[in-house]
Amino acid sequence: NLAHLQQIDLSVNQLSGPIPDSIGNLDQLSSLFLGNNQFSGPIPDSIGNLAHLQQMYLEYNDLSGVIPDWICDVQEFDVSRNDLTCTQQPSCCTLAQCGFTPCF
């Protein structure tokens with residue numbers, strides 16, 4: 001039972017494929033560390049439903065798609081070194097955190 005899981009750290013494990021949508025079912029998750037892997041595809045929208053999420057590190061993967069608007073709800077995050085874009089730059093995104101040229 002993972003109902004009380006608060007932290008996931010699977011950094012630097014050569015994991016690949018999409019980040020599962022089911023990660024959004026981990027209601028108590030406060031820290032998500034998946035950096036330095038080979039995850040691909042978009043950042044799942046289901047992560048935006050995690051009310052307790054305070055840290056999210058997804059840097060150095062092969063993620064693509066649009067940076068979600070809800071990312072500003074996460075206190076600490078890094079999605080740099082991916083192939084992410086934005087339609088409108090979230091006000092909280094810096095070059096270091098998001099890894100792209102500012103959107104206008």
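Biologist: Let's start with Asn-82, which sits in the loop between β7 (76–78) and β8 (83–85). Why does Asn-82 count as buried?

Modeller: This is a predicted model, by the way. The cut-off for buried is under 20% relative accessible area. Asn-82 comes out at 17% relative accessibility, so it counts as buried.

Biologist: And what makes the link between Asn-82 and the backbone nitrogen of Leu-63 a polar contact?

Modeller: A polar atom of the Asn-82 side chain lies 3.0 Å from that nitrogen. The limit for such a pair is 3.5 Å, so this one is within it. The Asn-82 side chain also reaches the backbone nitrogen of Asp-62, at 3.4 Å.

Biologist: Which residues is Asn-82 in contact with, leaving aside its neighbours within four places in sequence?

Modeller: Leu-58, Glu-59, Tyr-60, Asn-61, Asp-62 and Leu-63.

Biologist: On to the rings. How many aromatic pairs does a search of the whole structure find?

Modeller: The search finds 1 aromatic pair. It is made by Phe-33 and Tyr-57.

Biologist: Why is the pair of Phe-33 and Tyr-57 called stacked?

Modeller: Two checks. The ring centres are 5.5 Å apart, and pairing needs them within 6.5 Å. The planes are 10 degrees apart, and under 30 degrees counts as stacked, so that's the label this pair gets.

Biologist: What makes you say the pair ties together separate parts of the chain?

Modeller: Phe-33 belongs to strand β3 (residues 31–33) and Tyr-57 to strand β5 (residues 55–57), so the pair links parts that are 24 residues apart in sequence.

Biologist: Are Phe-33 and Tyr-57 buried or exposed?

Modeller: Phe-33 has 16% relative accessibility, which is under 20%, so it is buried. Tyr-57 has 22%, in between 20% and 50%, so it counts as partly exposed.

Biologist: How do you know that Pro-18 is exposed?

Modeller: Exposed means over 50%, and Pro-18 has 61% relative accessibility, so it passes. Pro-18 is in strand β2 (residues 16–18). Not counting residues up to four places away in sequence, Pro-18 touches Phe-39 and Ser-40. Its C-alpha atom is also 5.4 Å from that of Gly-41, a residue 23 places along the chain.

Biologist: What about the nonpolar core: which residues touch the most other members?

Modeller: The largest nonpolar core has 22 residues, and the ones touching the most other members are Ile-19, Leu-32, Ile-43, Ile-47, Met-56, Leu-58 and Val-79. Take Met-56: apart from residues up to four places away in sequence, its contacts include Leu-32, Ile-47, Trp-70 and Val-79. In soluble globular proteins, nonpolar side chains tend to be buried together.

Biologist: Last one. What makes Val-12 and Asn-36 stand out in their backbone angles?

Modeller: Neither is a glycine, yet each has a positive phi: about 55 degrees for Val-12 and about 60 degrees for Asn-36. Val-12 is in the loop between β1 (7–9) and β2, and Asn-36 in the loop between β3 and β4 (38–41). Val-12 has 62% relative accessibility, over the 50% mark, so it is exposed. Asn-36 has 33%, so it is partly exposed.

Key. Residues are numbered from 1 along each chain as its sequence is written. This is a predicted model: local features need pLDDT of at least 70, side-chain atom pairs count only at pLDDT 80 or more; totals for chains, interfaces and linings use all residues. Side-chain values use heavy atoms; hydrogens and water are left out. Helices (H or I, at least four residues) and strands (E, at least two) are DSSP runs, numbered from the N terminus. Buried means under 20% relative accessible area, exposed over 50%, partly exposed in between (1.4 Å probe, protein chains only). A polar contact is a pair of N or O atoms within 3.5 Å; within protein, one must be able to donate a hydrogen and the other to accept it, and residues adjacent in sequence count only if both atoms are side-chain atoms. Contact means heavy atoms within 4.5 Å. Rings of Phe, Tyr and Trp (its six-membered ring) pair if their centres lie within 6.5 Å; planes under 30 degrees apart count as stacked, over 60 as edge-to-face and the rest as tilted. A nonpolar core is a set of buried Ala, Val, Leu, Ile, Met, Phe, Trp, Tyr and Cys residues joined through side-chain atoms within 4.5 Å.
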